[in-house]
Structures are given as C-alpha cells and as structure tokens.
Amino acid sequence: MQGQFDIIVIGSGLGGLECGAMLAREGMGVCVAEQAALPGGCLQSFSRRGHAIDTGMHYIGSMQAGGIMRRYFEYFGILGSLRLRPLDEAFDVVSLPGAGDYAYMHGYEAFEKHLGEWFPHEKAGLGRYCAKLREIGGSIGIGVHRTGRLSDGGTKYLGAPAAGFIGECVADPLLRNVLAGTNPLYGGVRESSTLYHHAMVNHSNIEGACRFTGGTQQIADALAAKIREHGGTMLVRSRVVALHTEGRRITGVELADGRMLRAKTVISAIHPAETFRLIGPTPVIRKAFRERIGSLPDSYGLFSAYLLLKPGRIPYINRNLYYFAGKDVWKTLFDLEAMRPGMVLLSAQAPDGDPAWCDVVTLMTPVATRPWKAWEGSAPGRRPEAYTALKAAMTQATVDFACARLPELRDAIAHTYAATPLTYRHYTGAPHGAAYGLLKDWRSIMASHIPARTKFDNLLLTGQNLTVHGAIGVTLSAAATCSEIVGTEYLAKKIANA
C-alpha cells in the first residue's frame, strides 16, 4: 500500500499532533504516523481499576485569559472540549526540611508579596527576578504574535545560567533554593540549566496554572479529532522503520508492516538521533554529524509511583507539593545506594468523580537513566527479575518518603503502580527514557542547538529537543516548524487573532 500526502508527521506527541493540526487546518493533506496504540506520547493516559492515570503532564501554565497557551488551544479549536481546573492561588509549594514551606502564587504581584513577607530583606532582588521572568515570558506573548513574530529575542537567555541568575538577584541561600525549587519541571541541573528554560516554565505557571479533569489524553484526542476533521489521517500502531532518500529529498516513509508513505514534506517529532538513524548511508549526512547527534547528552529520567486512593480519605489537593530530602534543591536524583529520593513532586490528578476528594496521586522523582540501560531490550510485562525488584524497592522508598511528609496518605492508599524510565521509553520512544529530551547547557548552547530545518530539503524537525521542553516549549517549536512551510508572519498573526 502506498499513500500520498502533502505532510507526513512522524510521532504523535504534543508537538507532532500540533504540527498535524496546524497544517491540516491550512488545507494540507496530513498523515500522522504513531507507533503506539494511542496518540499522545507523554499526554497519554492509561487505565487502572477504572481510573485514567496521566503519564507525564501533570499541570500546564499560561492558561489564564490572554495566556499564550490558552490562545494556542483556541487557535486549534479545542479549548471548549477540554475540562480545565485552575490550581489554587498558591499553586506550587516548595518544602525544605527544617526550613519550612514556601508557596508560588498566581500573578506576579501576589508572588512578590508572598515571598517578600518571608524575605523582606530581599524585596529588591525579588523585583529584579520577576521583571526578568516577565521579560523572557513576554517574548512569546500574544502581543508579539500580533506583530507577525513567534518570539522576540528571549532565546538569547539560552546562553545564561539559571542558577547564576538567581544568585545574582538574591543573596539569601534559602530564597535561592525556593526560587529554584521547581527545577524538576525542566530537568534542572545546577551547572547547565539555562535561564530561558527556568523563566519560560515558571513565568507560564505564575500566569495561570491548570490541571485537566479526567486526564491529559483528552488533549491528544482533541487534536487528533481536529486533524481528522480537516481531512487528515491518523495512523496508530504504525512504526516508521526507514526514511528513503534521493539526493537531498526524502522520497518515502516506510512502515514496519511494509507500507510506503510519500509526501512533499516530512516532519519528525521524534528524537533527532532516532530520526537520523532511520536514514541509510547518504552523502547528505556526514559521519561526524551522525556521531555528534548520537553523542549529545540527554536529560535525566523520571520514576513515578501512581497511588489509587480509597474514596473519601484525602481531600483533593489543588496544588503541587515539592518535597526535598535536603536543603539544596538542585540535588534531585534518586540515590540508589541509600534507596532514597532526592525529592518527590506530589501531584494529585483533578478527580473525575467527586471533586472534593483525591482519587489518584502521582509521586514523581528524578532518576538517572544509566542504571536502566541493561534492560532496554526487554518489554513491559517481560522485564527481568532484577528490574522488577529494583522497581519495587524504589516504589516503596518513594511512597515512604511522601508519607513521612503527608502521614495521612499511607492509610488512604488502595493500590500502587509505578513507571520507570524504561516505561517512558516504551511509550514515548525517548532514548533511554530521558524525560526532557536533549540536555540543554548554557555553556555550550550551540553544541546542542537543533534547528527545525535539516540538510534535506523536505525534512523538518519539531518537539522538545529543539529549544524548550514542556507544553509551552513544544507548542512554540511546533509553530516554528510549521512556519517553515506556511510563513512566520502569516501563522503568528493567525494564532494571535484566533
């Protein structure tokens, strides 16, 4: 079987679906090829005992009226179908042992005021910190889009350090840790994380953070429905095994079942190293380039414990709790020798039933991907005993860590499930299960800079590996990729005026 399309998108994570929805809306014949049974990547929800459990996205920012993420959902035409639940005014709480709990508040005035009351000697520094976040976050706002641009210079801060910037703003060691406390949202590493990532993620959430009642699969389903509504094709269980080339063009997309798809343009929403592995020997791609892409370091992985709770036992927690083992919030990785998390993010899903009570709680902790590499050849349900034992031990340690800080949680747990970096790898295709794709390092940003355009005239890239990960970063990358086809000014203004 052969299929002829204007656009083929490889991978149906958020970026792939958004590219498909944008270009299908522009009247192009779009086909999205996904290896899994469901579209969505980290948006996927899976079912356990009647509960839909989210895989990766636990909350999303810039969803207030006039927020850029909300505007993109309006442009896609899916906002009305999404069940949103705004988080509390105090939407994130950073908890440091022996030092107390510190909230992130919605709105910069409230954010500054709240932390200023705890740290009155740092009010000037807090003002400088917030002003910079607003500058960087505002560089991709609706006003910028209305001028025909997707971004207004904020990316220059990819070359500035997050930790260094915080240290320049405030001197108090405790406040420095509080301001860096949400670094697991962007794969934070003290030595390498960029100010751009830190600012984009935190600005987005300060503007307006929400959860999705009933799980994040609804985003993927809504985008897939829009692609079909505009005449596009969604192929699931359709793994791409090769990209055929002739000169500087991709001439065919081969699927595992032997089907060959053809298109004027191919967009790859999977990891760049995986994309170029699909292309056989060709003078267009030099060996040195392949080796460089293959050797770029990836971010750390995530270990998640999913708790199904007994009905009516834990009141719904409409905020996110960042529990740290020590006072240095950059030390987040799970210690396998001590069998102890460096930190745990506790995030309750917005309940689909009684809104007053928690029914599903996710405990997420960063973990190195290296310890899991020995089992990469195994499949879910058929993992070796050593893997199963490690997973069980980490689950218990993670639950114990959270219950020591929220004691009422223990007796409320009915069932526990867990996911390792290999689980993420199986369902999202990310190499080694890296949670945030390629590691971005402010000290050598050009080394890991991946542009949307490639050496092939009709092959584009998109997704979290390009500039910024997370919902807002992936969405902007999708728009940047599509603008290579339809034009930046045209697309930016169309989104702004949606």
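The legends below describe an overview and several close-up views of a predicted model.

**Figure 1. Overview of the protein chain, with its 15 helices and 18 strands.** Along the principal axes, the C-alpha atoms occupy a box of roughly 65 × 55 × 45 Å. The radius of gyration is 22 Å, which agrees with the value near 23 Å for a compact globule of 498 residues. Buried residues account for 58% of the 498 residues. Of the contacts between residues at least 6 apart in sequence, 73% join residues at least 24 apart. The accessible surface of the chain is about 19,200 Å², and carbon and sulfur atoms contribute 52% of that area.

**Figure 2. The aromatic pair of Phe-276 and Phe-289, one of 14 aromatic pairs in the structure.** The two ring centres are 5.1 Å apart and the planes meet at 85°, an edge-to-face arrangement. Phe-276 belongs to helix α10 (residues 272–277) and Phe-289 to helix α11 (residues 287–295), so the pair ties together parts that are 13 residues apart in sequence. Phe-276 is buried because its relative accessibility is 7%, under the 20% limit. Phe-289, at 28% relative accessible area, is partly exposed.

**Figure 3. The edge-to-face pair of Trp-375 and Tyr-387.** The ring centres lie 5.6 Å apart, with 75° between the planes; the angle is over 60 degrees and therefore counts as edge-to-face. The pair links distant parts of the chain, twelve residues apart. Trp-375 is in the loop between β16 (360–367) and α12 (385–405), whereas Tyr-387 is in helix α12. Both residues are buried: Trp-375 has a relative accessible area of 15%, and Tyr-387 has one of 3%.

**Figure 4. An aromatic cluster and the surroundings of Asn-205.** One aromatic cluster is formed by Phe-91, Tyr-104, Phe-111, Tyr-129 and Phe-165. A member of this cluster, Phe-91, is also in contact with Asn-205. Asn-205 is placed in helix α8 (residues 195–208) and is buried, with 6% relative accessibility. When neighbours within four places in sequence are set aside, the contacts of Asn-205 are Tyr-59, Ile-60, Gly-61, Phe-91, His-106 and Leu-185.

**Figure 5. Arginine side chains over aromatic rings.** Arg-48 is positioned over the face of Tyr-417, 5.7 Å from the ring centre. In a second case, the charged end of Arg-405 lies over the ring of Phe-401, at 3.7 Å from its centre.

**Figure 6. The salt bridge between Arg-319 and Asp-88, in a structure that holds 19 salt bridges.** Side chains of opposite charge can pair when their charged atoms come close. Here the N to O distance is 2.8 Å. The partners are 231 residues apart, and the pair links distant parts of the chain. Arg-319 is found in the loop between β13 (301–309) and β14 (320–324), and Asp-88 in the loop between β5 (84–86) and β6 (90–96). Both side chains belong to partly exposed residues, with relative accessibility of 28% for Arg-319 and 24% for Asp-88.

**Figure 7. The salt bridge between Asp-152 and Arg-149.** The closest N and O atoms of the two residues are 2.8 Å apart. Asp-152 is partly exposed at 39% relative accessibility. Arg-149 is partly exposed as well, with a relative accessible area of 35%.

**Figure 8. The salt bridge between Asp-400 and Arg-410.** The N to O distance between these side chains is 3.2 Å. Asp-400 lies in helix α12 and Arg-410 in the loop between α12 and β17 (413–419), so the pair ties together parts that are ten residues apart in sequence. Asp-400 has a relative accessible area of 31% and is partly exposed; Arg-410, with 40%, is partly exposed too. Elsewhere, Arg-70, Arg-71 and Glu-74 are joined into one network by salt bridges that share partners.

Note on methods:
Residues numbered from 1 in each chain as written. Predicted model: local features only at pLDDT ≥ 70, side-chain atom pairs only at ≥ 80, totals over all residues. Heavy atoms only, no water. Phe/Tyr/Trp six-rings, centres within 6.5 Å; stacked < 30°, edge-to-face > 60°. Helix = DSSP H or I, 4+ residues; strand = E, 2+ residues; numbered from the N terminus. Buried < 20%, exposed > 50% of the residue type's maximum accessible area, 1.4 Å probe, protein only. Lys NZ or Arg CZ within 6 Å of the ring centre and 35° of its normal. Contact = heavy atoms within 4.5 Å. Rg over C-alpha atoms; globule rule 2.2 N^0.38 Å. Areas by Shrake-Rupley, 256 points an atom, 1.4 Å probe, with all protein chains shown as cover. Salt bridge = Lys/Arg side-chain N within 4 Å of Asp/Glu carboxyl O.
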